[in-house]
Amino acid sequence: MPSTKGLDNYEMLEAVRNGKLKAMYVFGEETSLVDSNANAVCDALSQLDFFVTQDIFFSDTCRFADVVLPASPSLEKDGTFTSTERRIQRLYQVFEPLEGSRPDWRIIQDIANRLGANWQYQHPSEIYDEIASLTPMFAGVNYARLEGFKSLQWPVAADGTDQPLLYTRQFNFPDGKARLFPLTLTQPTEKPTANFDLHLNNGNLLEQFHEGNMTNRVDGIRQKTPGVFVEVSPELARERGIESGTWVQLTSPYGQLKVRALITDRVRGRELFMPMNSAATPVNRLTSSHTDLVTHTPAYKECSVGLEVLPEIGESQLPRINSRFGQPTPQRGVEVERKWQRPDYRVPGNGLVQIETT
């Protein structure tokens, strides 16, 4: 195992710009849109001598690639998911992969073997057994203990005991004590100026995930949020003569976007909010390359922009069927029993799922 620290996302892109990193292999990540300062990121990707992407769709990032490897989504492979709750869950293959695509582990194994690795894994469970043998925090994880939709939260001891709550007795150091160190308070990197006088916040929508690379392909979701918009406060709308549907141009020191306005009291004063649900109009074309000094987390929220009102007016990008207008789906929750009762419903998997109703 490597004994030295590698490069994170931010450091890798810096290394590309400095000519120190010549090739990159990215799988399952829409790097060109979700990383901050998308214009600079795309410029770095275009400088690579050799770039490989591996994904289940031809993403925006794939357009920079020399080689695109088609992978399989979760329902077409066996494996595990580990959530930000530290919960490890097993998933089961339901469908055969589409022709020409394969699970990630098979693709990576074949490439490794072309490079002389001589890997002979026959199933993802064997890979996890190796992970458990090398990584103490996963020592007790295996597919048998995850059978039947059971889950474990790391760290997992060799006997299978997991820890739903971390650090109740000691911290993960030999003496069990925490390590604290002071941080220097840093000021915001992007402050409003005469040309960039508004603060632009950004984030996810309830209906969408990130730039919508997957969720925007779902008709029902797209009907509720058919396009991207920038939220403008009523007071700023009155000051600038903006209506819902008005086209505006947002400009920052790093790029510009043309987008329609949505007047809402969810933002106030000179604050704007723009979701990141569009690959065609990604908000990260406006954000900077500034990062936290310790973690290198991008300063996504520190973004000052100028707003130019354009003469065009279109329809609001938030239709009346959206739940913001007081018409949520009238049901008590996820009524999965209704799906089970449909005549066309089939139990997934190979008899692994047993459904009982009372």
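Here are a few notes on how the strands pair up in this predicted model.

1. Start with strand E11, residues 271-275. Is it enclosed or open to the outside? Of its 5 residues, 4 are buried, so the rest of the structure largely encloses this strand. If you want the cut-off behind that, buried here means under 20% relative accessible area.

2. One partner of E11 is strand E7 (residues 198-203). The two run parallel and are joined by 5 bridges. For a handle on the register, look at Asn-202, which sits opposite Met-274 of E11.

3. E11 also pairs with strand E8, residues 229-232. This time the sense is antiparallel, with 2 bridges. Which residue of E11 is the bridge partner of Glu-231? That would be Phe-273. As a reminder, strands of a sheet pair through backbone hydrogen bonds, and either direction is possible.

4. Now for the sheet built from E4, E5 and E6. Its 3 strands come in the order E4-E5-E6, the sheet is open, and the pairing is antiparallel. Strand E4 (79-82) and strand E6 (151-153) form the edges, each pairing on one side only. On average, neighbouring strands in this sheet are turned by 25° against each other, ignoring direction.

5. Within that sheet, have a look at the E4 pairing with strand E5 (residues 87-91): the two are antiparallel and share 4 bridges. Phe-81 is a good place to check the register, as it stands opposite Gln-89 in E5. When you trace side chains here, keep in mind that in a regular strand they alternate between the two faces of the sheet.

Notes. Residues numbered from 1 in each chain as written. Predicted model: local features only at pLDDT ≥ 70, side-chain atom pairs only at ≥ 80, totals over all residues. Heavy atoms only, no water. Buried < 20%, exposed > 50% of the residue type's maximum accessible area, 1.4 Å probe, protein only. Pairing = 2+ DSSP bridges. Axes fitted to C-alpha atoms, helices over the stretch in contact; angles between N-to-C directions.
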